[in-house]
Amino acid sequence: MTKFEKSADELLYVQVSDFVREKIYSKQWGVDDRIPSEHELMQMLDLSRGTVQKGIKTLVDEGLLVQQRGRGTYVTQPVMARPSSNSLLSFAESMNEQGIPYQTTVVEKRVELAGKACADALGIGRGESYLYLARVREVFGEPVMFIESHLNLSAVPGLDKADFSEEGLFEAVERLSGHQIGKSEMIYSARTAGKKRAQWLRCDEHAPVLDLDQLVRLDNGVPVEWGSVWLPANRCVISSEIDRVRQL
């Protein structure tokens, strides 16, 4: 039986998380393995149910475990992979390329007036109209992405009338602007979800998420989209394939 030091400075539930995390990281418990039940862990670690539950919840929020009602708790893997490469694909194009079915839900859509930050990013005047669009993407019934977009209506007239539950954003932009999507500038940051994004991603507000801040330009260089893509850590990964440049 594993014994934890109850007088240690580290909280007991944190020790539970560390114990289970190490089992996973050391590959003693692999992907899709069912971990011991709460009762079994209580006996194994000589701890209360509440302490075990809190330790397990921490790992669920981190994305290492998933709880299935009536079945137990399992070591999980990301639902989807978001490739990172020199090829700029929308979410829809990426999912279609991977053969993964998905669903889009528009949760907010409204025309607003640009403040300084938005105006500077989109290259429009302060107080000029832009489209705010918030969408949730689901794969296999799980939200994998919350997307907040600030869209340049002067570059894409009529974009506020598009039906984004039926048409991808890039597709609508190219159709209405007469231009192709050119390039995207991206910055990745580790965050906690916060209340609003946790609501749509169905995770704890303190759960880790990846914030992809991006500025998308048309092929003529005009900024068309400025916004954030929020990726829950327990459902997404960023993958890349990079060639090493050898010095001559």
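# Briefing: one aromatic pair, helix α3 and some glycine and loop spots

Search the whole structure and you get 1 aromatic pair. It's F19 with W29: the ring centres sit 6.5 Å apart and the planes meet at 85°, so this one goes down as edge-to-face. The pair ties together distant parts of the chain, with F19 in helix α1 (residues 12–25) and W29, 10 residues away, in the loop between α1 and α2 (38–45). Keep in mind that this is a predicted model.

**The chain overall**

- The chain has 248 residues, and 41% of them are buried.
- On the secondary-structure side, count 7 helices and 10 strands.
- Take the contacts between residues at least 6 apart in sequence: 57% of them join residues at least 24 apart.
- About 13,800 Å² of the chain is exposed, and 48% of that comes from carbon and sulfur atoms.

**More on the rings**

- F19 has a relative accessibility of 15%, and since buried means under 20%, it counts as buried.
- W29 also comes out as buried, with 15% relative accessibility.
- Away from that pair, Y13 has a charged neighbour: K54 lies over the face of its ring, 4.4 Å from the ring centre.

**Helix α3 and T51**

- Does α3 come out at the expected length or off it? The helix has 14 residues and, at 1.5 Å a residue, should span 20 Å; the C-alpha atoms at its ends are 20 Å apart, which agrees.
- Which residues of α3 are buried? They are T51, V52, G55, I56, L59, V60 and D61.
- Those buried residues pack against two helices, α1 and α2, and against the strands β1 (65–68), β2 (72–75) and β8 (208–218).
- T51 is worth a closer look: it belongs to α3, which covers residues 49–62.
- With 18% relative accessibility, T51 falls under the 20% cut-off and so counts as buried.
- The T51 side chain makes a polar contact, at 3.0 Å, with the side chain of S48.
- Setting aside neighbours within four places in sequence, T51 touches L12, Y13 and V16.
- Just past the end of α3, G63 has a positive phi of about 95°.

**Positive phi without glycine**

- Most residues other than glycine have a negative phi. Two aspartates in this model go the other way, D32 and D46.
- D32 has a phi of about 75°, and its place is in the loop between α1 and α2.
- Is D32 buried or exposed? Its relative accessibility is 53%, so D32 counts as exposed.
- D46 has a phi near 60°, and this residue is found in the loop between α2 and α3.
- At 36% relative accessibility, D46 counts as partly exposed.

**A glycine between β8 and β9**

- G221 is in the loop between β8 and β9 (223–232).
- Its relative accessibility is 34%, so G221 counts as partly exposed.
- What separates the C-alpha atoms of G221 and G182? The distance is 7.2 Å, for two residues 39 apart along the chain.

Technical notes
Residues numbered from 1 in each chain as written. Predicted model: local features only at pLDDT ≥ 70, side-chain atom pairs only at ≥ 80, totals over all residues. Heavy atoms only, no water. Phe/Tyr/Trp six-rings, centres within 6.5 Å; stacked < 30°, edge-to-face > 60°. Helix = DSSP H or I, 4+ residues; strand = E, 2+ residues; numbered from the N terminus. Buried < 20%, exposed > 50% of the residue type's maximum accessible area, 1.4 Å probe, protein only. Lys NZ or Arg CZ within 6 Å of the ring centre and 35° of its normal. Contact = heavy atoms within 4.5 Å. Areas by Shrake-Rupley, 256 points an atom, 1.4 Å probe, with all protein chains shown as cover. Polar contact = N/O pair within 3.5 Å; in protein donor to acceptor, adjacent residues only side chain to side chain. Expected span 1.5 Å × (residues − 1).
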